[in-house]
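Thanks for making the time this morning. I would like to walk you through one model, so please have a look at it on the screen before I go on.

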Amino acid sequence: MKKQIKTTHIIDAPTEKVWANISKASGMHEWLPMIETCSLEGQGEGAKRVCTTKNGVLNETILVIDHKTKTFQYAIDEQTLFPINDVVGTMSVRDNNGETILDWNLDFSLEDESIFPMITEGVGSMYASGAQGLENISKKTS
């Protein structure tokens, strides 16, 4: 069954700096604590990103980098962190009086409905730590 997790985070850093850290596609290990290494093969849409964690590898394809709408979308082609499939993540940022609003959503397929609350909690926690990491790194580069 198709599912979606929607999260919104307020980041106390300039939107342009936050967007620069997201849109470069590489460097996730600098702001998402669970990521140990992150490498990028190719550039822009269609590039392949490989991120390692202590619990496995994420093989991703960059789908959208839209500088006008500040939207970044990626597909997770292979992963072992959560029992989900057909995974697409979307990050979009917008300015809010000097702060940044980050909407970070995850669409996926799930076979066992009973684990949806666990997936929601895990993804929510991971995205919250990523938003905090984006705030920290964006303040350093401002």
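Let me begin with a term: a cavity here is a set of points, on a 1 Å grid over the protein atoms alone, where a 1.4 Å probe fits but cannot get out, and its lining residues are those with an atom within 4 Å of a point. What you see is a predicted model, in which local features need pLDDT of at least 70 and side-chain atom pairs count only at pLDDT 80 or more, while totals for chains, interfaces and linings use all residues. Residues are numbered from 1 along each chain as its sequence is written, and side-chain values use heavy atoms, with hydrogens and water left out.

When the whole structure is searched, two cavities of 30 Å³ or more turn up, where a volume is the space filled by probe spheres set on the grid points, which are joined across faces, edges and corners.

The second largest of these has a volume of about 40 Å³, and around it stand Ile-22, Met-28, Trp-31, Arg-49, Phe-72, Tyr-74, Met-91 and Trp-104. Seven of these lining residues are nonpolar, none is polar and one is charged, if we count Ala, Val, Leu, Ile, Met, Phe, Trp, Tyr, Cys and Pro as nonpolar, Asp, Glu, Lys and Arg as charged, and the others, Gly among them, as polar.

The largest cavity comes to about 170 Å³, and of the 18 residues that line it, those closest to its centre are Leu-58, Tyr-74, Ile-76, Met-126 and Tyr-127. Its lining divides into 16 nonpolar residues, one polar and one charged. Which elements supply at least two residues each to that lining? They are β4 (56-66), β5 (71-78), β7 (99-109) and α2 (116-140), with α2 giving the most, three residues; helices (H or I, at least four residues) and strands (E, at least two) are DSSP runs numbered from the N terminus.

Arg-49 brings us to strand β3, residues 48-53, whose covered face carries Arg-49, Cys-51 and Thr-53, whereas Lys-48, Val-50 and Thr-52 are on the uncovered one. In a regular strand, side chains alternate between the two faces of the sheet.

As for its neighbours, β3 pairs antiparallel with β2 (residues 37-41) over five bridges, pairing meaning that DSSP finds at least two bridges between two strands. Thr-52 in β3 has Thr-37 opposite it, and in the hairpin of these strands, with six residues between them, Gly-42 takes a positive phi near 95°. Towards β4, β3 again runs antiparallel, with six bridges; Val-50 has Asn-59 as its bridge partner there, and the hairpin joining these two strands passes through two residues.

Conventions:
1 Å grid on protein atoms, 1.4 Å probe; cavity = no way out; pocket = protein on both sides within 12 Å on 5 of 7 lines; lining within 4 Å. Buried < 20%, exposed > 50% of the residue type's maximum accessible area, 1.4 Å probe, protein only.
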